[in-house]
Amino acid sequence: MAVRCFTTTQKVAYAVGFVISIASIPLIIGLPMLYYLARAYFRKKDQCRLLEDQAKLIASH
């Protein structure tokens, strides 16, 4: 059984957030917004990878 990292709602929210932050780069607020959104996304992705590894270890025993 696979670990689900992101729900469909979260995927859509991240996609919309990235589009809005990229579109607002000329307004100066886009860069920090893009930075924090990307940081949150990759942090969540790393947590998911750890959960997948833990699930594999548990399943192997």
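**A note on a two-helix model**

1. Let us start inside helix α2, where Gly 30, Leu 37 and Cys 48 are buried (under 20% relative accessible area with a 1.4 Å probe, protein chains only; exposed is over 50%, and partly exposed is in between). The cover over the buried residues of α2 includes α1 (8–23).

2. A word on the source: this is a predicted model, where local features need pLDDT of at least 70, side-chain atom pairs count only at pLDDT 80 or more, and totals for chains, interfaces and linings use all residues. Residues are numbered from 1 along each chain as its sequence is written, and side-chain values use heavy atoms, leaving out hydrogens and water.

3. The protein chain has 2 helices and 0 strands (DSSP runs, numbered from the N terminus: H or I of at least four residues for helices, E of at least two for strands). Helix α2 covers residues 30–60, and its 31 residues should span 45 Å at 1.5 Å a residue (the rule multiplies 1.5 Å by one less than the number of residues); the end C-alpha atoms are 45 Å apart, so the two agree.

4. How many salt bridges does a search of the whole structure find? There is 1 (a side-chain nitrogen of Lys or Arg within 4 Å of a carboxyl oxygen of Asp or Glu). Asp 46 pairs with Arg 49, with the closest N and O atoms 2.9 Å apart. Both lie in helix α2, 3 residues apart, about one turn of the helix. Asp 46 counts as partly exposed because its relative accessibility is 38%; Arg 49, at 43%, counts as partly exposed too.

5. Finally, the overall outline: the C-alpha trace spans about 55 × 20 × 10 Å along its principal axes.

Conventions
Contact = heavy atoms within 4.5 Å.
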